[in-house]
Amino acid sequence: MRGRPQILAGLLGLALATQTALAAENPVVVQLNQRLAALQADPDLADLAAYEKLQAQHAVTAFSKARRSQRETAQYVAERRVQIAEIAARAQAARREADRLDRTRSELLVEASRREAERARREAERLRVQAQIQAEETERLRLAAEAEALARQEAETTLDTVAGQQANRLSAARQRELKLAREEAELVSGAKLPASKFEARGEVFTLGADAFASDSAKLSASGASRASALAAYLQANPKARARIEGYGDKQTPGQRRADALRDALTAAGIAKSRLQSSGKGAGSKARALDVIVTH
């Protein structure tokens with residue numbers, strides 16, 4: 001049994017054939033029919049917006065048969081219907097392509113995550129073995145130093161040094177992981193992330209007043225671009241959470257600025273449960289928002 005789009009396409013073809021004789025008498029009808037025929041002939045659009053195409057063809061038929069007093073209105077309706085069919089077909093084609101790209105991106109992300117997980121597993125195993133060896137060596141030094149206080153102090157210094165080196169290595173591994181996540185986010189979004197710094201409260205991204213339209217809490221073009229990059233960064237770190245702190249000016253409260261960025265991140269696919277927003281008093285040209293990401 002044929003589906004609805006095939007039935008509508010068949011009806012459209014029949015209506016186009018029926019219009020041939022009438023179209024020859026009216027150049028506007030000819031032009032409208034040619035536009036509909038071009039949609040049907042395009043292999044990327046032929047199976048899309050079948051209902052809108054059929055409505056357009058009915059409107060063209062009505063226009064070709066309209067009395068003189070009704071012709072102007074019928075022509076307007078026919079032209080709008082054809083335009084709607086063209087827009088609908090191209091919009092559906094764009095959505096289909098976007099869906100395909102989303103699937104491809106998801107597949108690439110999954111594959112990249114698997115590879116990164118394997119690299120992380122191997123690195124963790126190497127560090128574990130190294131830590132075990134270091135621990136055994138430290139223990140040997142501690143036992144050998146029990147005879148005298150100086151040796152014991154040296155062993156304790158060695159323990160502290162080893163622990164510090166291990167912590168530095170683990171921190172460096174985490175920094176490399178976050179660097180990869182930044183690069184992935186910038187590639188996916190096509191935009192640059194704001195500069196960040198690491199503090200006790202987390203990784204802090206700071207956005208200046210240029211992230212907002214003048215005297216408004218609405219994101220500017222550059223602000224929207226950075227919001228897109230931040231959303232991609234959070235998607236690359238699915239366990240991360242973000243606290244958005246807004247700093248206002250005389251026209252715009254900080255809370256509204258924070259809410260604007262939170263809404264943009266939510267619209268980009270970040271769950272609301274991962275986001276918090278709050279106002280933090282007066283800001284400056286260089287500081288309108290702080291986004292604190294905890295990993």
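**Figure 1. The largest pocket is lined by 19 residues.** Ser113, Glu116, Glu177, Glu184 and Ala236 lie nearest the pocket centre. The model shown here and in the other views is predicted. The volume of the largest pocket is about 520 Å³. Three elements give two or more residues to the lining: helix H5 (68-144), H6 and H7. H5 gives the most, with seven residues.

**Figure 2. Five strands form an open sheet of mixed pairing.** The strand order is S1-S2-S5-S3-S4. Strand S1 (196-199) and strand S4 (275-282) are the edge strands, and each pairs on one side only. From one strand to the next, the twist averages 25 degrees.

**Figure 3. S1 and S2 run antiparallel, joined by four bridges.** Glutamate 199 stands opposite glycine 202, a residue of S2. H7 packs on the sheet and touches S2, S3, S4 and S5. The direction of H7 makes about 165 degrees with that of S2. H8 also packs on the sheet, with S3, S4 and S5 as the strands touched. Between the directions of H8 and S4 the angle is about 155 degrees.

**Figure 4. S5 pairs with S2 and with S3.** The pairing of S2 with S5 is antiparallel and spans five bridges. S3 and S5 run antiparallel too, joined by six bridges. Valine 293 of S5 takes part in both pairings: glutamate 203 is a bridge partner of valine 293, and alanine 242 stands opposite valine 293. Five of the six residues of S5 are buried, so this strand is largely enclosed by the rest of the structure.

**Figure 5. The largest nonpolar core holds 30 residues.** Leu230, Leu234, Leu261, Leu265 and Val291 touch the most other members. At least two residues of the core come from each of these elements: helix H6 (149-189), strand S2 (202-207), helix H7 (221-236), strand S3 (241-248), helix H8 (254-267) and strand S5 (289-294). H7 gives the most, with seven residues. Another core, of 19 residues, lies apart from this one. Leu39, Leu48, Phe63 and Ala88 are among the members of that other core. In soluble globular proteins, nonpolar side chains tend to be buried together.

**Figure 6. Leucine 234 and its contacts beyond four places in sequence.** Leucine 234 is in contact with Ala240, Ala242, Leu265, Ile270, Arg274, Leu275 and Val293. Two of these residues recur from the sheet view: Ala242 stands opposite Val293 in S5. Leucine 234 is also one of the core residues that touch the most other members.

**Figure 7. Alanine 49 has a positive phi, near 55 degrees.** Most residues other than glycine have a negative phi. Alanine 49 is found in the loop between helix H3 (27-41) and helix H4 (50-65). Is this loop residue buried or exposed? Alanine 49 has a relative accessible area of 4%, under the 20% cut-off, and therefore counts as buried.

**Figure 8. Alanine 173, in helix H6, beside glutamate 123.** Their C-alpha atoms are 8.7 Å apart in space. In sequence, alanine 173 and glutamate 123 are 50 residues apart. At 21% relative accessibility, alanine 173 counts as partly exposed, because that class runs from 20% to 50%.

Methods
Residues are numbered from 1 along each chain as its sequence is written. This is a predicted model: local features need pLDDT of at least 70, side-chain atom pairs count only at pLDDT 80 or more; totals for chains, interfaces and linings use all residues. Side-chain values use heavy atoms; hydrogens and water are left out. Buried means under 20% relative accessible area, exposed over 50%, partly exposed in between (1.4 Å probe, protein chains only). A nonpolar core is a set of buried Ala, Val, Leu, Ile, Met, Phe, Trp, Tyr and Cys residues joined through side-chain atoms within 4.5 Å. Contact means heavy atoms within 4.5 Å. Two strands pair if DSSP finds at least two bridges between them. Axes are lines fitted to C-alpha atoms, for helices over the stretch in contact, and angles run from 0 to 180 degrees between N-to-C directions. On a 1 Å grid over the protein atoms alone, a cavity is a set of points where a 1.4 Å probe fits but cannot get out, and a pocket is an open set with protein on both sides within 12 Å along at least five of seven lines; lining residues have an atom within 4 Å of a point. Grid points are joined across faces, edges and corners, and a volume is the space filled by probe spheres set on the points.
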